Amino acid sequence: MTSRDDVERFEIPSSGAEDDELTAELFRSAFRPPSRTSGVAHRWRELTAEQAPNVWTALAVWVRWLVGTYQLTTSVVPDCWWRHSEIVAELYALQRAELASYGGDDPGFGPLAFHERLPHAVERLRTHTRTAGCVGLQAHKDPTPRALPTDAPEFIEWQTAPHQSGLEF
């Protein structure tokens, strides 16, 4: 007994050449490499002096738009956001996600996906802002830098030893 769902016998009904061309275009688009319409993402720690002004300006304009459009309070994005690397990283990731969601190769789900992710990003921003402590003080609070030692003898010994358990014979 065969059913209409039998994979080997399944045929897509066609109403003519226009329908066939539409189907072909849908399948072609699935195999095209994604376009780079949303630009290049940068690692903040690797920005050159030539790149930094453009990247910072674009981010500042975008953050102003984000705060105004979604009416975000200082408990989410403090006025001194640009002085906190963790907040900058979150905002930049959100900016890149929003730009990519409106890319030319997106079939229309990108904006919805961006808006589904936005509340999670807002909560992370709220946590970063609370940790920074600037809002409660009503002034910027410089973060305390923390540098992990990588030259401690224990670490040097640790990094040269294998760490997979169960392989010792």
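Ala52, Val55, Leu59, Trp62, Val63 and Leu66 are the buried residues of helix 2, where buried means under 20% relative accessible area, exposed over 50%, and partly exposed in between (1.4 Å probe, protein chains only). They sit on the same side of helix 2 because they cover an arc of only 115° around the axis; that arc is taken from the directions from the helix axis to the C-beta atoms. Flip to the other side of helix 2 and you find Asn54, Val61 and Arg64 exposed.

This is a predicted model: local features need pLDDT of at least 70, side-chain atom pairs count only at pLDDT 80 or more, and totals for chains, interfaces and linings use all residues. Residues are numbered from 1 along each chain as its sequence is written, and side-chain values use heavy atoms, with hydrogens and water left out.

So what covers the buried residues of helix 2? The cover includes the two helices in this table, and contact means heavy atoms within 4.5 Å. Helices (H or I, at least four residues) are DSSP runs, numbered from the N terminus.

| Helix | Residues |
|---|---|
| helix 3 | 85-101 |
| helix 4 | 110-132 |

Just after helix 2 comes Gln71, with a positive phi near 50°.

Now hop over to helix 4, home of Thr129. Is Thr129 buried or exposed? Thr129 counts as buried because its relative accessibility is 3%. A polar atom of its side chain lies 2.9 Å from the backbone oxygen of Val76. Leaving aside neighbours within four places in sequence, Thr129 also touches several residues, including Thr74, Pro78, Ile87 and Cys134.

Definitions and conventions. A polar contact is a pair of N or O atoms within 3.5 Å; within protein, one must be able to donate a hydrogen and the other to accept it, and residues adjacent in sequence count only if both atoms are side-chain atoms.
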